[in-house]
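Visitor: I'm new to this structure and would like a close look at just one part of it. Could you pick out the aromatic rings and walk me through what surrounds them?

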Amino acid sequence: MRCSVYFPAVIAGLVGIDDVLAGNWTQLSAGPWSGREGLMVASTQGKLVLTGGRTSSGAGFLDEGWTSTDGGGWALAAKA
């Protein structure tokens, strides 16, 4: 299962929250990362940052992060 990018579009201002709450979703990207749950997304310095989560089966935590300037193209962030 791969995660798709929907919610970060709201953070980036690409769609309005009213559209999302009304069920009007637009897929921006299939996301290059593996399937996961419990991930976090934040907006900072003009970028979306997706971090962590755990495998879809809940069996282990993931220690990677991804960044995007548009919610469509994502790059693996360097590990600290």
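Guide: Start with W33, W66 and W74, which ring pairs link into a cluster. Keep in mind as you look that this is a predicted model. The count of aromatic pairs comes to two. Take W33 and W74: their ring centres are 5.0 Å apart and their planes stand at 90°, so this pair is edge-to-face. The pair ties together distant parts of the chain, since W33 sits in the loop between α2 (17-21) and β1, while W74 sits in the loop between β5 and β6, 41 residues apart.

Are these two tryptophans buried or exposed? W33 has a relative accessible area of 2%, so it counts as buried. W74 is buried too, with a relative accessible area of 12%.

Now slide along to G73, which shares the loop between β5 (65-68) and β6 (75-76). G73 has a relative accessible area of 43%, so it is partly exposed. Leaving aside residues up to four places away in sequence, G73 touches T67 and S68. Then there's A30: G73 and A30 are 43 residues apart in sequence, yet their C-alpha atoms are 9.6 Å apart in space.

Next, hop over to R36, in strand β1 (residues 36-37). R36 has just 4% relative accessibility, so it counts as buried. What does the side chain of R36 make a polar contact with? One partner is the side chain of E64, at 2.3 Å. A polar atom of the R36 side chain also lies 3.0 Å from the backbone oxygen of G52.

Let's look at the strands around that loop. Four of them form an open sheet in the order β2-β3-β5-β6, with antiparallel pairing. β2 (40-44) and β6 stand at the edges with a single partner strand each, so one side of each has no neighbour in the sheet. At the β2 end, β2 pairs with strand β3 (residues 47-51) in the antiparallel sense, over five bridges. If you want one spot to find in that pairing, S43 stands opposite L48 in β3. As a bit of background, strands of a sheet pair through backbone hydrogen bonds, either parallel or antiparallel.

Step back and here's the whole chain. It has two helices and six strands, and along the sequence they follow the pattern α-α-β-β-β-β-β-β. Of its 80 residues, 25% count as buried; W33, W74 and R36 are among the buried ones. Among contacts between residues at least 6 apart in sequence, 37% join residues at least 24 apart. The chain exposes about 5,000 Å², with carbon and sulfur atoms supplying 56% of it.

Finally, how much confidence goes with all this? The chain averages a pLDDT of 77, and 76% of the residues score at least 70. Confidence is highest in β6, at 94, and lowest in helix α1 (residues 7-11), at a mean of 53. Where pLDDT is low, the predicted coordinates should not be read in detail.

Terms used: Residues are numbered from 1 along each chain as its sequence is written. Side-chain values use heavy atoms; hydrogens and water are left out. Helices (H or I, at least four residues) and strands (E, at least two) are DSSP runs, numbered from the N terminus. Buried means under 20% relative accessible area, exposed over 50%, partly exposed in between (1.4 Å probe, protein chains only). A polar contact is a pair of N or O atoms within 3.5 Å; within protein, one must be able to donate a hydrogen and the other to accept it, and residues adjacent in sequence count only if both atoms are side-chain atoms. Contact means heavy atoms within 4.5 Å. Two strands pair if DSSP finds at least two bridges between them. Accessible areas come from the Shrake-Rupley method with a 1.4 Å probe; for residues, only the protein chains shown count as cover. Rings of Phe, Tyr and Trp (its six-membered ring) pair if their centres lie within 6.5 Å; planes under 30 degrees apart count as stacked, over 60 as edge-to-face and the rest as tilted. pLDDT is the predictor's confidence in each residue, from 0 to 100.
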